[in-house]
Amino acid sequence: MKPDLSTRYLGFRLRNPFVVSASPLGRDLDRLLLLEAAGAAAVVLPSLFEEQIEHDSMLVHTTMEHGTESFPEALSYLPEMSSYNTGPERYLSLITRARESLRVPVIASLNGASPGGWTSYARRMQDAGASALELNVYFVAADMDETSEQVERRYLDIVAEVRRTITIPLAVKIGPFFSSTANMARRIVDAGADGLVVFNRFYQPDIDLENLVVVPDLKLSTAVELRLPLRWIAILHSRVKASLAATTGVHDHFGAIKLLLVGADVTMTASALLIHGPGWIESAIAGLGEWMVEHEYTSVEQLKGSMSWRGAPNPAAFERANYMETLASYEVPR
Ligand SMILES: Cc1cc2nc3c(=O)[nH]c(=O)nc-3n(C[C@H](O)[C@H](O)[C@H](O)COP(=O)(O)O)c2cc1C
């Protein structure tokens, strides 16, 4: 008998656990249709950024007050971002067209760093037809006067503000760099998140040694990076009242299976899809189905969380003991 691959995420019943992660893969309708045809169970659109929204509303205000000529520098501001995700107005129309054309849930993504007017865009995304919203809070806590308590408060205020604005499901994509990640996860859920997306991948800047400038340099993930979300999904599973999505390092069905075993409701993929194209989803779905038959699982629901921290005979394997065992297990080459 064919195993049942369906799973629940943010209240949706999805046909399988493979979701397209926020990235330029979701930038145009044609590719979204290909991804759906390949089996994607839901799609997350690329993020729209706080800076773009604030910039656009500043531009409208200035144009109304003074005319465009008096503010020429504003017109050349953030051009790369607009080509990345189409810009605020066209983003809304992409949501509407995607919802009209796709049968799977279309999750809009809003990305920001401070409470403010831009969060009202969440409502516009909902009104444009978004099935759900993924909120990505991303900033580098470089201010030495800002305490960890203030940093955490900033996250919680943004989540609460967006929560108040919308009625569709809200997932929050977080990073791993909190002093107390488990506690923060619970507080984000208490502030109104229906789901947590674990984890945001922080991109580190590089130095161009010829021109002596700091440059962006995006490297796609590798499969070994999956272990960070693996540990934390295991720790969070069934201990927060929220769906769990795992992102980073899902490069094949084996990675996805591990994440489901520790408690992910869905896995999200960007890098592998950028490398291999939409066909990657088809083979991942087939691989998951075959593995489940071989290992006598009848449904994804049955395997979800069976190896989480709570269910594990040895939860310490996800904590400090694992650190020591890992170090001790290394064989120095002769
Ligand atoms: C080119 C590129 C663009 C991305 N853009 C976004 C984005 O707009 N918003 C977001 O939340 N994540 C973005 N991400 C992060 C991905 O959604 C994902 O979380 C990350 O790449 C880890 O997953 P992966 O290992 O499958 O690549 C982007 C990733 C890539 C590679």
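Strand β4 is a mostly covered element, with 8 of its 8 residues buried. The model in which this strand sits is a predicted one, and β4 is a convenient place to begin reading it.

On one side, β4 pairs with strand β3, residues 18–20, in the parallel sense over 2 bridges. Within that pairing, valine 20 has valine 43 of β4 as its bridge partner. β4 also pairs with β5, again in the parallel sense, here over 5 bridges. In this second pairing leucine 48 stands opposite leucine 110 of β5.

The sheet can be followed from β3 to β12 as well. These two strands run parallel and are joined by 3 bridges. Valine 20, already met as the partner of valine 43, stands opposite threonine 269 in β12. β12 is in turn joined to β11 by 3 bridges, and this pair also runs parallel. Here threonine 247 stands opposite methionine 268 of β12. Both faces of β12 are covered: Val266 and Met268 are buried on one side, and Thr267 and Thr269 are buried on the other.

The ligand brings some of these elements together again. Its shell consists of 22 residues, and the closest of them are Ser21, Ala22, Ser47, Ser221 and Ser271. Three elements each supply at least two residues of the shell: β4 (42–49), β5 (106–112) and α11 (271–276). Sorted by class, the shell holds 12 polar, 8 nonpolar and 2 charged residues.

Helix α10 is another covered element. Spanning residues 253–262, α10 has 9 of its 10 residues buried, so it is largely enclosed by the rest of the structure. The buried residues are His253, Gly255, Ala256, Ile257, Lys258, Leu259, Leu260, Leu261 and Val262. What covers them includes three strands and three helices by name: β3, β11 (243–247) and β12 (266–269), together with α9 (227–236), α12 (279–294) and α13 (300–303). Strands β3, β11 and β12 therefore recur here, as part of the cover of α10. Just after the helix, glycine 263 takes a positive phi of about 125°.

Several other points of backbone geometry deserve a look. Leucine 10 has a positive phi, near 55°, although this residue is not a glycine. Leucine 10 lies in the loop between β1 (7–9) and β2 (12–14). With 24 C-beta neighbours inside 10 Å, leucine 10 counts as buried, because the threshold for that class is 20 or more. Glutamate 296 likewise has a positive phi in a residue other than glycine, near 60°. Its place is in the loop between α12 and α13. Glutamate 296 has 8 other C-beta atoms within 10 Å and is therefore exposed, since 12 or fewer is the limit for that class. A cis peptide bond, with omega about 5°, joins valine 198 and phenylalanine 199. Phenylalanine 199 is placed in the loop between β8 (195–198) and β9 (206–208).

Taken as a whole, the protein chain has 14 helices and 12 strands. Its radius of gyration is 21 Å, close to the 20 Å that the globule rule gives for 334 residues, so the chain is as compact as a globular protein of that length. The C-alpha trace spans about 70 × 45 × 45 Å along its principal axes. Of the 334 residues, 41% count as buried. Among contacts between residues at least 6 apart in sequence, 73% join residues at least 24 apart.

Confidence is the last matter. The chain averages a pLDDT of 90, and 91% of the residues score at least 70. Over residues 68–77, however, the pLDDT is below 50, and this stretch has 8 contacts in the model beyond near neighbours in sequence. Where pLDDT is low, the predicted coordinates should not be read in detail.

Methods
Residues are numbered from 1 along each chain as its sequence is written. This is a predicted model: local features need pLDDT of at least 70, side-chain atom pairs count only at pLDDT 80 or more; totals for chains, interfaces and linings use all residues. A residue is near a molecule or strand if its C-beta atom, placed from the backbone, lies within 6 Å of it. Helices (H or I, at least four residues) and strands (E, at least two) are DSSP runs, numbered from the N terminus. Ala, Val, Leu, Ile, Met, Phe, Trp, Tyr, Cys and Pro count as nonpolar, Asp, Glu, Lys and Arg as charged, and the others, Gly among them, as polar. Two strands pair if DSSP finds at least two bridges between them. The radius of gyration is taken over C-alpha atoms; the globule rule is 2.2 Å times the number of residues to the power 0.38. Two residues are in contact if their C-beta atoms, placed from the backbone, lie within 7 Å. pLDDT is the predictor's confidence in each residue, from 0 to 100.
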